[in-house]
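Load the model in your viewer and keep the selection panel open. The stops below go from single residues to the whole chain and back to the sheet.

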Amino acid sequence: MPGAQVKEEQFRPGDKVPQSGIYRIEHDKHRMMHHATLTGGTRFPRCKQCGDAVRFVSVRASRGMVLPFRETDILEEYPPQGGLKVVAG
Ligand SMILES: [Zn+2]
């Protein structure tokens with residue numbers, strides 16, 4: 001079959017950002033999709049409202065310096081994983 005549709009790779013919060021660039025951010029209904037610049041090597045952020053339901057699609061890679069997301073106040077850094085804190089009573 002001719003590839004009429006380009007398959008878009010979606011990323012989820014906590015996934016590693018493959019490369020710096022512009023990403024389209026699709027929320028779970030509560031907000032229109034928007035775009036943000038993310039830095040390669042970091043983790044995709046979560047949404048304060050829909051949490052892990054948000055999806056990221058790479059739109060365009062960018063070279064050189066990338067400013068971290070800023071106007072996307074709705075996003076928050078993905079919490080670090082692996083170091084489970086044991087709270088002793
Ligand atoms: Zn959201």
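A residue counts as buried when 20 or more other C-beta atoms lie within 10 Å of its own, as exposed when there are 12 or fewer, and as partly exposed in between. Bear in mind throughout that this is a predicted model.

**Stop 1: I74.** Select I74, in the loop between β5 and β6. Is I74 buried, exposed or partly exposed? I74 has 19 other C-beta atoms within 10 Å, so I74 is partly exposed. Now show its surroundings: with residues up to four places away in sequence left out, I74 touches R31, C47, K48 and Q49. Add R46 and draw a C-alpha to C-alpha distance to I74; the value is 8.5 Å, for two residues that are 28 apart in sequence.

**Stop 2: K29.** Move to the loop between β2 and β3 and select K29. Only 9 other C-beta atoms lie within 10 Å of K29, and therefore K29 is exposed. Check the backbone torsions as well: K29 is not a glycine, yet its phi is positive, about 75°.

**Stop 3: the whole chain.** Colour by secondary structure. The protein chain has 6 strands and 0 helices, so its elements read β-β-β-β-β-β from the N terminus. Of its 89 residues, 17% count as buried. Turn on contacts with a separation of 6 or more: 71% of those in the protein chain link residues 24 or more positions apart.

Next, colour by pLDDT. The average over the protein chain is 81, and 72% of the residues score at least 70. Which strand has the highest confidence, and which the lowest? Strand β1 (residues 10-11) is highest at 96, while strand β6 (residues 75-76) is lowest at a mean of 82.

**Stop 4: the sheet.** Select β1, β5, β2 and β3, in that order: this is the order of an open sheet of 4 strands with antiparallel pairing. At its edges are β1 and β3, each of which pairs on one side only.

Zoom in on β2, which is joined to strand β5 (residues 55-61) by 6 bridges in an antiparallel arrangement. The pairing of β2 with β3 is also antiparallel and extends over 5 bridges. R24 is a useful residue to select here: its bridge partner in β5 is V57, and its bridge partner in β3 is H35. Then select G21, which stands opposite L38 in β3.

**Stop 5: the nonpolar core.** Select Y23, I25, A36, L38, F44, C47, V54, F56 and L75 together; these 9 residues form the largest nonpolar core. Both β2 (21-26) and β3 (34-38) supply at least two residues of this core. A reminder for viewing: side chains in a regular strand alternate between the two faces of the sheet.

Finish on F56, a member of the core. What is F56 in contact with, apart from neighbours within four places in sequence? The contacts of F56 are Q10, F11, Y23, I25 and F44. Three of these names, Y23, I25 and F44, can be found in the core selection too.

Key
Residues are numbered from 1 along each chain as its sequence is written. This is a predicted model: local features need pLDDT of at least 70, side-chain atom pairs count only at pLDDT 80 or more; totals for chains, interfaces and linings use all residues. A nonpolar core is a set of buried Ala, Val, Leu, Ile, Met, Phe, Trp, Tyr and Cys residues joined through C-beta atoms within 7 Å. Two residues are in contact if their C-beta atoms, placed from the backbone, lie within 7 Å. pLDDT is the predictor's confidence in each residue, from 0 to 100. Two strands pair if DSSP finds at least two bridges between them.
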